[in-house]
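Here's a quick walk through this one, starting where the chains meet and then looking at each in turn. Have a look at the structure first.

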Amino acid sequence: MSSLLDFLNRLFGRVEKSSSDIAKKRLRLVLVQDRSNMSPEVLEELKEELIGVLTRYLEIDEVGMSVELDKSDDSVALVASIPVKSVKVRVPKIRSLEPTGVSE
Amino acid sequence: MSGQVIVVTSGKGGVGKTTVVANIGTGLAAAGHKTVLVDADIGLRNLDLIMGLENRIVYDIVDVVEGRCELKKALIRDKRVEGLQLLPASQTRDKTAVSPEQMKELCQQLREEFDFVIIDCPAGIEHGFHTAVAGADKAIVVSMLEVSALRDADKIVGLLEASELTDPYLIVNRIRMDMVQRGDMLDVNDMTDILGLQVKVLGIVPDDQSIIVSANRGEPIVLDNRSRAGQAFRNIVRRLQGEEVEFMDLSQGGLMLRLKRLVGLAK
């Protein structure tokens with residue numbers, strides 16, 4: 001009976017999305033989310049390292065800071081809110097790894 | 001001699017891992033390779049049943065790793081196919097009875113004796129999974145064209161990568177071409193497209209009632225020349241040996257073809 005209804009629907013152009021198309025769409029979305037899932041431990045580690053880098057340049061409010069993965073329907077973003085107390089005055093130094101042009 | 005260790009995994013249960021292990025292993029042995037099947041699904045022993053070897057088990061994998069018996073004594077010889085042996089799982093213990101290190105050691109011993117070591121991994125992503133994959137050189141992921149199985153397959157590919165098993169093979173099990181043609185089942189292309197992974201499709205196995213019959217009898221379908229699923233498994237075995245084999249045309253075909261199939265004039 002339902003197949004007859006399907007047939008009539010198709011005949012009169014009331015084409016419904018096929019269930020495999022629906023599956024494709026749902027699966028795509030869920031995989032975007034799955035693949036971006038980070039364990040709380042790793043996220044915490046990321047936060048600690050971020051603080052380490054940032055405090056070389058800025059004085060920040062670590063308590064008021066938040067770092068999280070923001071997931072919307074089809075994309076993922078790392079959203080960080082970091083209150084800055086002050087900017088450290090710092091003389092830019094030449095990194096030792098960069099070639100200095102002087103050879104022995 | 002140093003054989004190849006292949007682990008068959010899926011994440012989700014019920015997609016046909018054990019059937020794949022039984023058929024690939026039997027097919028490889030029938031093609032002349034010394035092959036051992038290892039049931040790593042400790043506590044939920046099933047490979048012996050699918051292989052029809054359940055009445056001949058004396059020792060199991062846990063007896064071997066705990067040193068209660070020699071490896072050779074625990075192996076069960078298949079009587080139908082020369083060069084095919086099974087190391088059964090324990091039914092009374094659980095997954096923690098074998099550690100990843102012990103599994104590595106076991107695989108090392110087995111690869112010295114066999115051309116192929118095929119491991120049946122338990123469902124799930126816990127201890128049993130990590131143990132089963134520990135000694136493997138290559139992984140096969142079995143999935144079905146269905147959302148939950150594919151999601152789990154995607155997860156497993158990531159976990160395999162973390163265990164340094166990159167570029168796994170994929171076997172698509174139980175495809176129903178009539179449903180694919182109606183738009184009610186994902187196609188293999190959709191799947192590779194969505195997963196967008198570095199996976200090589202090793203085989204596509206049609207949904208086939210004869211699989212249930214073969215499980216009832218304990219006779220792997222790969223030995224049945226009339227079965228289409230059997231043919232799909234024979235093709236997989238050839239691909240594993242490095243041959244280029246075209247994928248079968250699984251479309252249902254017209255009434256004549258179906259009639260011919262019915263009377264055994266066509267596959």
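## Where the two chains meet

Helix α2 (residues 19-35) of chain A and helix α7 (residues 147-162) of chain B have axes that come within 10 Å and cross at roughly 30°. Angles under 35 degrees count as roughly parallel, so α2(A) and α7(B) are roughly parallel to each other. The crossing of α2(A) past α7(B) is right-handed. Keep in mind that this is a predicted model.

Who makes the contact? On the α2(A) side you'll find Ala23(A), Arg26(A), Leu27(A), Val30(A), Leu31(A) and Asp34(A). From α7(B) come Val147(B), Leu150(B), Arg151(B), Asp154(B) and Lys155(B). Sort the residues in this contact of α2(A) with α7(B) by class and you get six nonpolar, five charged and no polar ones.

## Chain A

Chain A has three helices and four strands, and along the sequence they read α-α-α-β-β-β-β. Of its 104 residues, buried ones make up just 1%. Take the contacts in chain A between residues at least 6 apart in sequence: 51% of them join residues at least 24 apart.

Zoom in on strand β3 (residues 76-81) of chain A and you'll see a strand that is hardly covered, with zero buried residues among its six. β3(A) pairs with strand β2 (residues 66-71) of chain A in the antiparallel sense, over six bridges. To pick out one spot, the bridge partner of Asp70(A) in β3(A) is Ala77(A).

## The sheet in chain B

How are the eight strands of chain B's open sheet ordered? The order is β3-β4-β2-β5-β1-β6-β7-β8, and the pairing is mixed. As a reminder, strands of a sheet pair through backbone hydrogen bonds, either parallel or antiparallel. The edge strands are β3 (76-77) and β8 (200-206) of chain B, each pairing on one side only.

At the β8(B) edge, the partner is strand β7 (residues 169-175) of chain B: β7(B) and β8(B) run parallel and are joined by five bridges. Here Ile175(B) stands opposite Pro206(B) in β8(B).

The sheet also has a helix packed on it, namely α5 (residues 100-113) of chain B. Which strands does α5(B) touch? They are β1 (4-9), β2 (35-39) and β5 (116-120) of chain B. The direction of α5(B) makes about 145° with that of β5(B).

Technical notes. Residues numbered from 1 in each chain as written. Chains lettered and ligands numbered in written order. Predicted model: local features only at pLDDT ≥ 70, side-chain atom pairs only at ≥ 80, totals over all residues. Helix = DSSP H or I, 4+ residues; strand = E, 2+ residues; numbered from the N terminus. Buried ≥ 20, exposed ≤ 12 C-beta atoms within 10 Å, placed from the backbone. Contact = placed C-beta atoms within 7 Å. Axes fitted to C-alpha atoms, helices over the stretch in contact; angles between N-to-C directions. Parallel < 35°, antiparallel > 145°, perpendicular 65-115°, else oblique. Left-handed = near helix turned anticlockwise from the far one by under 90°. Nonpolar A, V, L, I, M, F, W, Y, C, P; charged D, E, K, R; others polar. Pairing = 2+ DSSP bridges.
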